Amino acid sequence: FKRRREIEIKHGRVAMFATIGYIVPEYFKFDGECAPSVGLKFADIPNGLKALSVLPKEGLAQMVAFAGFIELAVNRPTGEPGNYGKGFLGLGTLGLSASIQDPDVRAKKLAAELANGRLAMMAIIGMFFQDGLTGSAWGDWALYTGS
């Protein structure tokens, strides 16, 4: 049970970040260049799944390497599923002790994280599915003529 719960929490956290990462570029993009060697600006990167075809392969490899580093070197299990000893919002990594001491508050926040993670997993899969069919996560279903 512990292994599956840890995987569920981890996937939920990734899905929450992915959902935010899918929504934010619709409203905000950084100025400047993402890949100066090829002259790729942030503004030139399309939203959604189309971004994968535009980003240089080296950039994708860099993202995978960073995620692998965090997974293997930074996050050390402490025995409780999903707890890496970093405290509330991971602030322990920055040297700020922000662990939640009250057991009732902690249980409530952990349950909320689990529920939000489950919701985010469904949300990101829905966004991927709709983006794949219509070309946009917020796409017009009238553009989908495949059925």
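These are my notes on salt bridges and one nonpolar patch in this predicted model.

**Ground rules.** I number residues from 1 along each chain as its sequence is written, and I leave out hydrogens and water, so side-chain values use heavy atoms. Because the model is predicted, local features need pLDDT of at least 70 and side-chain atom pairs count only at pLDDT 80 or more, while totals for chains, interfaces and linings use all residues.

**Entry 1: salt bridges.** How many salt bridges does a search of the whole structure find? I got four, taking a salt bridge as a side-chain nitrogen of Lys or Arg within 4 Å of a carboxyl oxygen of Asp or Glu.

**Entry 2: Glu8 and Arg5.** I looked up this pair and found a salt bridge at 3.2 Å, N to O. Both residues sit in helix α1 (residues 2-23), three residues apart, which means about one helical turn separates them. For helices I use DSSP runs of H or I, at least four residues, numbered from the N terminus. Arg5 has 23% relative accessibility, so I logged Arg5 as partly exposed. My cut-offs here: buried is under 20% relative accessible area, exposed is over 50%, and partly exposed is in between (1.4 Å probe, protein chains only).

**Entry 3: Lys10 and Glu71.** Next I checked Lys10, whose side chain meets that of Glu71 in a salt bridge of 2.4 Å, N to O. This pair links distant parts of the chain, with Lys10 in helix α1 and Glu71 in helix α3 (residues 57-74), 61 residues apart. Lys10 comes out partly exposed at 26%, and Glu71 is partly exposed too, at 36% relative accessibility.

**Entry 4: Arg13 and Glu113.** I found another salt bridge here, with the closest N and O atoms 2.5 Å apart. Again distant parts of the chain are linked: Arg13 is in helix α1, Glu113 is in helix α4 (residues 103-134), and their positions lie 100 residues apart in numbering. I have Arg13 as partly exposed, with a relative accessible area of 26%, and Glu113 as partly exposed at 23%.

**Entry 5: shared partners.** Which residues do salt bridges that share partners join into one network? I noted Arg5, Glu8 and Arg118.

**Entry 6: nonpolar patch.** I then turned to the surface and found a nonpolar patch of about 790 Å², made by Ile20, Ile23, Val24, Tyr27, Phe28, Phe30 and Trp138. Patch residues have over 30% relative accessible area and no salt bridge; nonpolar side chains (Val, Leu, Ile, Met, Phe, Trp, Tyr) are joined within 5 Å, like charges within 9 Å. Areas are Shrake-Rupley values with a 1.4 Å probe, and for residues only the protein chains shown count as cover. One of the patch members, Ile23, is found in helix α1, and Ile23 counts as partly exposed at 30% relative accessibility.

Key:
Helices (H or I, at least four residues) and strands (E, at least two) are DSSP runs, numbered from the N terminus.
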